[in-house]
Amino acid sequence: MEFLKIENLCKVYGKGENQVNALDNVSLTIEKGEFTAIIGSSGSGKSTLIRILLGLENSQMGMALIDGKKYSQLGDNPFCIVGSFLDSCQPYPTRTGFQHLRWIGLACGVDSNRCKECLELVGLSEAKNKKVKDYSLGMKQRLGLATALLANPDILILDEPINGLDPEGIRWVRNFLQSFVNEGKTVLMTSHYMSELELTVDHLVGISNGKIVIDAPTKDILKEFGSFEEAYFKALEGKEGA
Ligand code: ADP
Ligand code: MG
């Protein structure tokens, strides 16, 4: 089943000399229950793709569909279908973790018990009454994941969820996302931690200058190239040589 479908997506920022083709005819299909990662260097277009998929920005051409619909057509409570994590999205610093979740919970019809449950799921129960400004980076990432999980979605779309985490934090996110996928749910995340992703994802997508340069199952990539890093740099070489 095609769950997330991106077709011929083009996104241009700026005009004239300043024009950037952030996404250049990107097409991609993600199946239900799949764990997919998008890799690519800074500025390659990962966050733009995620923002368009989440309906936060429009594209000039093409489409991005979630279970056959645009994000804006997902109904009254899209949080029940898709949970998201954006690296640019910061909670209000003087709110506590619990207050932050409660505020979002009220907007998406989730009660205070579910907020507590999500804080427990991400290991923040003890810190729930601490102000977010006193959270470490890892704790903020965990709160971001708790927010994404709040309405018990079937899909998680996460932009750089392991950026800046310590080894314990990375391991925790890995196990956490794996158990989410083991329940038959779908994860799409971006990252540039390639060796970390080899341990977790089923499907790797590589993007460079707004173009897809890799789109294959993990097992095929590891069989052919031995590592994601090798596959990625080979794909870049291939493109330059073309
Ligand atoms: P990544 O997430 O892979 O680092 P982005 O999607 O953030 O890449 O950026 C892709 C390209 O689009 C970059 O060249 C970036 O400078 C440009 N870009 C992203 N957002 C904007 C914006 N709001 N205005 C102008 N240019 C942008
Ligand atoms: Mg980004």
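In the predicted model described here, Ser44 touches Ala22, Ile207, Ser208, Asn209 and Gly210, when residues up to four places away in sequence are not counted. Ser44 is found in the loop between strand S3, which spans residues 35-39, and helix H1. With a relative accessible area of 1%, Ser44 is buried, because that value falls under the 20% limit used for burial. A polar atom of the Ser44 side chain lies 2.7 Å from the backbone oxygen of Ser41, and a polar backbone atom of Ser44 is 3.2 Å from an oxygen atom of ligand 1.

Further polar atoms are placed beside the ligand by the two residues numbered 45 and 46. A backbone N or O atom of Gly45 lies 3.1 Å from an oxygen atom of ligand 1, whereas for Lys46 it is a polar side-chain atom that lies 2.8 Å from an oxygen atom of the ligand. On its own, ligand 1 has 550 Å² of accessible area, of which the protein covers 61%.

The shell around ligand 1 consists of Tyr13, Val20, Ala22, Ser41, Ser42, Gly43, Ser44, Gly45, Lys46, Ser47, Thr48 and Arg51. Ala22 and Ser41, both of which belong to this shell, thus appear again in the surroundings of Ser44, Ala22 as a residue that Ser44 touches and Ser41 through its backbone oxygen. When the shell is divided by class, three of its residues are nonpolar, seven are polar and two are charged. At least two shell residues are supplied by each of strand S2 (20-31) and helix H1 (46-53), and H1, with four residues, gives the most.

Turning to the nonpolar interior, the largest nonpolar core contains 50 residues, of which Leu158, Leu177, Val187 and Met189 touch the most other members. Helix H5, formed by residues 167-182, gives the most to this core, with seven residues. The surroundings of Met189 can be given in detail: residues up to four places away in sequence being left aside, Met189 touches Phe35, Thr36, Ala37, Ile38, Leu158, Pro161, Ile162, Leu177 and Leu197. Leu158 and Leu177 are thus contacts of Met189 and are also named with Met189 among the residues that touch the most other members of the core. Apart from the largest core lies another core, of 25 residues, which includes Ile38, Ala64, Tyr71 and Ile157. Ile38, a member of this other core, is also one of the residues that Met189 touches.

Notes. Residues are numbered from 1 along each chain as its sequence is written. Chains are lettered from A and ligands numbered from 1 in the order in which they are written. This is a predicted model: local features need pLDDT of at least 70, side-chain atom pairs count only at pLDDT 80 or more; totals for chains, interfaces and linings use all residues. Side-chain values use heavy atoms; hydrogens and water are left out. A residue is near a molecule or strand if one of its heavy atoms lies within 4 Å of it. A polar contact is a pair of N or O atoms within 3.5 Å; within protein, one must be able to donate a hydrogen and the other to accept it, and residues adjacent in sequence count only if both atoms are side-chain atoms. Accessible areas come from the Shrake-Rupley method with a 1.4 Å probe; for residues, only the protein chains shown count as cover. Ala, Val, Leu, Ile, Met, Phe, Trp, Tyr, Cys and Pro count as nonpolar, Asp, Glu, Lys and Arg as charged, and the others, Gly among them, as polar. A nonpolar core is a set of buried Ala, Val, Leu, Ile, Met, Phe, Trp, Tyr and Cys residues joined through side-chain atoms within 4.5 Å. Buried means under 20% relative accessible area, exposed over 50%, partly exposed in between (1.4 Å probe, protein chains only). Contact means heavy atoms within 4.5 Å.
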